[in-house]
Structure formats: C-alpha cells, structure tokens
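Good morning, everyone, and thank you for letting me take a few minutes of the meeting. I would like to walk slowly through one protein chain, so please have the sequence and the picture open while I talk.

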Amino acid sequence: MKLWRRAAGALKDQNSLLAISLSRQTWYRNSDLEAAVVKATNHDESYVDYRNAQRVFTWIRTSPVSLKPLIWALTTRMEKTRNWVVAIKGLMLMHGVFCCKTPAVQRIGRLPFDLSNFTDGHSKPSKMWGFNIFIRSYFSFLDQRSALFYVQQNQTEEPMVQELVKVKNLQYLLDMLLKIKPMADNMKEVLITEAMDCVIIEIYDVYSRICKGIARVLMGIYSAGKLEATMALKILHKAKVQGEDLALYFEFCRNFGVFNALEVPRVTQIPEADIKDLERIINGVPEAKSYKNVNDEDDNKAIVVKEDVAIVEEKGPNSRLKTIITDKWEIFEEDVNITYQGNHETSHFVATSSAENPPNYLPLVPVYQEQEIPDFICF
C-alpha cells in the first residue's frame, strides 16, 4: 500500500511538471521557479529535496521580484494538496523563505493559503490525526510569525513600550512553537524529524531574542512608569513559565530523535529581586538599598540610597555626622543645628556669608545615582 502511494505521488509530480512546461510565462509566473517548488514539495516522505529548496532561496535573495511568482506557485500547490507530505514540505519551504530575511519577505503579512483545517485525504483519520495536528500547528505559527513581523514595521509607540510589545509577541510565538510536536506513535518519519529540526532552530532564534529583549527592558525599566512596569512584570512571570516548558519540550525532542535538540539552551530563571523591584514600582513603594562603600577604607561607613538621595553615615554607636549627596541643592542661613531624637540625630549644615567672609562655593555638580542593572543571563 505504501509503495502504491509513493508511485501515485511520483506520477502526480510528473504531471505537475508537465503542466508547468506547457504553461505560458507571465509577470506572475516563472516556469523554472514553479518547477523548483514542485520538486522541493514532492510526494516522497523519505527525503527532502534541499537542492531545489536552495534554488528557491537563492532566487528570493538575488531577485526580490521572484517573490510574487513563488507565492503564487506555492499557494497553488498548497491549496490543491490533501497529502500530508506535500503540506509539510510546503510549510518547510515557506519557513526557509522567511529565513531569507529580505525586505520583501518581511512585507508578506498573513500567508496567502490556509492549512488551519488541513486533513489528509489518503488515509484513515484514525491514523492521520497526529499528522493533521502537526500541520495545523506549524501553519498557525508561520502565519502568525509573518503577520507579527509585518505589524512591527509600522509600530509608533514609545521605545520602551515598543520593546515590551515586541518581547510579548515573541513569547506568544514561542508558545506556538512549543505546540508543534509529533503526538501520535506512528509519526517517527524522516520528514517529521526534518521539520522538527527546523522548529528547534526557530526556537533558538526566538528564545534568544526574548532574552535580549528582557535584558534591555530591565536596564531601563527603573526610569519607566507604572504602565511599563506592569507590562514588564507580566513578561517576567511568563518567562519563568516558558523556561520550564522549554526544558520539557527539549527533553521530548531528544527522546524523539531530533538532532538539533541535543544541545539544550541554558534556561536561567528570572531573579526574584527583579520581580520584587517591579512590584514596588507598580505599587509606588520606594526601596532603601544598602551598598558597602568599597572606595572607603573605613569599614564603619556605608552608603544608603533612598529615592534620589544618597547618605554616607557612620555605623558606630557614637557617630554624629553624615554626608548627604543629592541633586536637590539648598543653602541654609542658620547655624549648624544638631537635634537629638532618642538614639537618632539629624543635622543641618550651615553656609553663612558676609562682606568680610565672601562665599567660596565649589561648582554645584549634581551627583546622580547610578541605576542598578540586574543580571539576566541568556543561554
């Protein structure tokens, strides 16, 4: 039965090639390109014709005007087929076209064909349900990927919001990628393994962008507003969940025999301190953080940062002096007044002037606090 299906599929491919050779070439049809598409999406499930696939990719890179004939040829091929082999090879070819990353490819938008309800028509549904789900999931990812990349070219939000939206969209794509996997026991096919290799490579790329995006967000989030902090907090919570999902997915792929899954990306959990900092920003609660003054040889001193004021104070029991570093400059005309309140004291440093005693101030250069940059390790 399997041999008969392979012979029937080869005959269909030959008929398609013959029809292409007899067709007239127009501005949206390229017979050589159409023939390469048919050969790259042939009915043989035992191998993938990478040679003709590379011919298609070369056309797209060197001649952007070839994109429309390619889309027309691939759409025609996908809309006619009810064979799971042709459908998966067509999706892999479309995936490779996206990886060319030419400006014309980024403007495709939604895919011009629809495999969201694909059903193989050459075998019993009880045997093909796993293949059908695999093709539908793969198509959904490629369709959303193309649509999101098109939308991102026209975004006009603020830089921080735009970065947050971009990371959120990448996390959405990662969720869709993790749904692409063989679920049935009869799916240990060469073609399925080849398609999973393509999916794993895409996961590496998407997850790397997520890591870099989160790192950029955390570097600037402490100067952002409540809205940005709320979005960032949701992204961090999502990243923690996806880190666990990735580990399970790669374990499944290794057991299935996917070659590219042998090297697992290092998934680092988001530090709890970063999450708590974002929660404080959202709730409007300032945090006082203490850092040891490494530039001071006296270990009895420390720097305490409170909002936009840094105070260097003695830690000894009888200490009475403190130095305040701030970007809010004031000059008091009173004498030095040290008021004791229990075990705490407050001090006001006086600056007086007169005709005999002219003021001799140094230039007032505000000392701004350096933002704390949290560590986020990509794989």
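Let me begin with a small space inside the protein, the second largest cavity, which is lined by Phe98, Val105, Gln106, Arg145, Ser146, Phe149 and Tyr150. Before I go on, please note that this is a predicted model, in which local features need pLDDT of at least 70 and side-chain atom pairs count only at pLDDT 80 or more, while totals for chains, interfaces and linings use all residues. Residues are numbered from 1 along each chain as its sequence is written, and side-chain values use heavy atoms, with hydrogens and water left out.

What do we mean by a cavity? On a 1 Å grid over the protein atoms alone, a cavity is a set of points where a 1.4 Å probe fits but cannot get out, and the lining residues are those with an atom within 4 Å of a point. Grid points are joined across faces, edges and corners, and the volume is the space filled by probe spheres set on the points. The search of the whole structure finds three cavities of 30 Å³ or more, and the second largest of them has a volume of about 40 Å³.

Which parts of the chain supply the lining of this second largest cavity? Helix 6 (103-106) and helix 7 (125-152) each give at least two residues, and the largest share, four residues, comes from helix 7. Helices here are DSSP runs of H or I with at least four residues, strands are runs of E with at least two, and both are numbered from the N terminus. By chemical character, the lining divides into four nonpolar, two polar and one charged residue, where Ala, Val, Leu, Ile, Met, Phe, Trp, Tyr, Cys and Pro count as nonpolar, Asp, Glu, Lys and Arg as charged, and the others, Gly among them, as polar.

Arg145, one of the lining residues, also takes us to the next topic, since its side chain meets that of Glu202 in a salt bridge (3.0 Å, N to O). This pair links distant parts of the chain, with Glu202 in helix 9 (residues 190-220) and Arg145 in helix 7, 57 residues apart. A salt bridge here is a side-chain nitrogen of Lys or Arg within 4 Å of a carboxyl oxygen of Asp or Glu, and by this rule the count comes to six. Both Glu202 and Arg145 are buried, a word that means under 20% relative accessible area, with exposed meaning over 50% and partly exposed in between (1.4 Å probe, protein chains only).

Helix 7 takes part in another salt bridge, in which the closest N and O atoms of Arg110 and Asp143 are 2.7 Å apart. Arg110 lies in the loop between helix 6 and helix 7, and Asp143 in helix 7, so the pair ties together parts that are 33 residues apart in sequence. Are these two partners buried or exposed? Arg110 is exposed, with a relative accessible area of 52%, whereas Asp143 is buried, at 5%.

Staying in helix 7, we also find Ser137, which counts as buried at 15% relative accessibility. Leaving aside residues up to four places away in sequence, Ser137 touches Lys179 and Ile180, a contact being heavy atoms within 4.5 Å.

Stepping back to the whole protein, we have eleven helices and six strands, and buried residues make up 42% of the 379 residues. Of the contacts with a separation of 6 or more, 68% are between residues 24 or more positions apart.

Finally, how far should we trust the picture? The predictor's confidence in each residue, from 0 to 100, is called pLDDT; the protein averages 75, and 71% of the residues score at least 70. Among the elements, helix 5 (residues 84-98) has the highest mean pLDDT (94), and strand 6 (residues 344-348) the lowest (41). Over residues 288-315 the pLDDT is below 50, although this stretch has 63 contacts in the model beyond near neighbours in sequence. Residues 319-329 also stay under 50, and for them the model has 34 contacts beyond four places in sequence. Where pLDDT is low, the predicted coordinates should not be read in detail.

Terms used: On a 1 Å grid over the protein atoms alone, a cavity is a set of points where a 1.4 Å probe fits but cannot get out, and a pocket is an open set with protein on both sides within 12 Å along at least five of seven lines; lining residues have an atom within 4 Å of a point.
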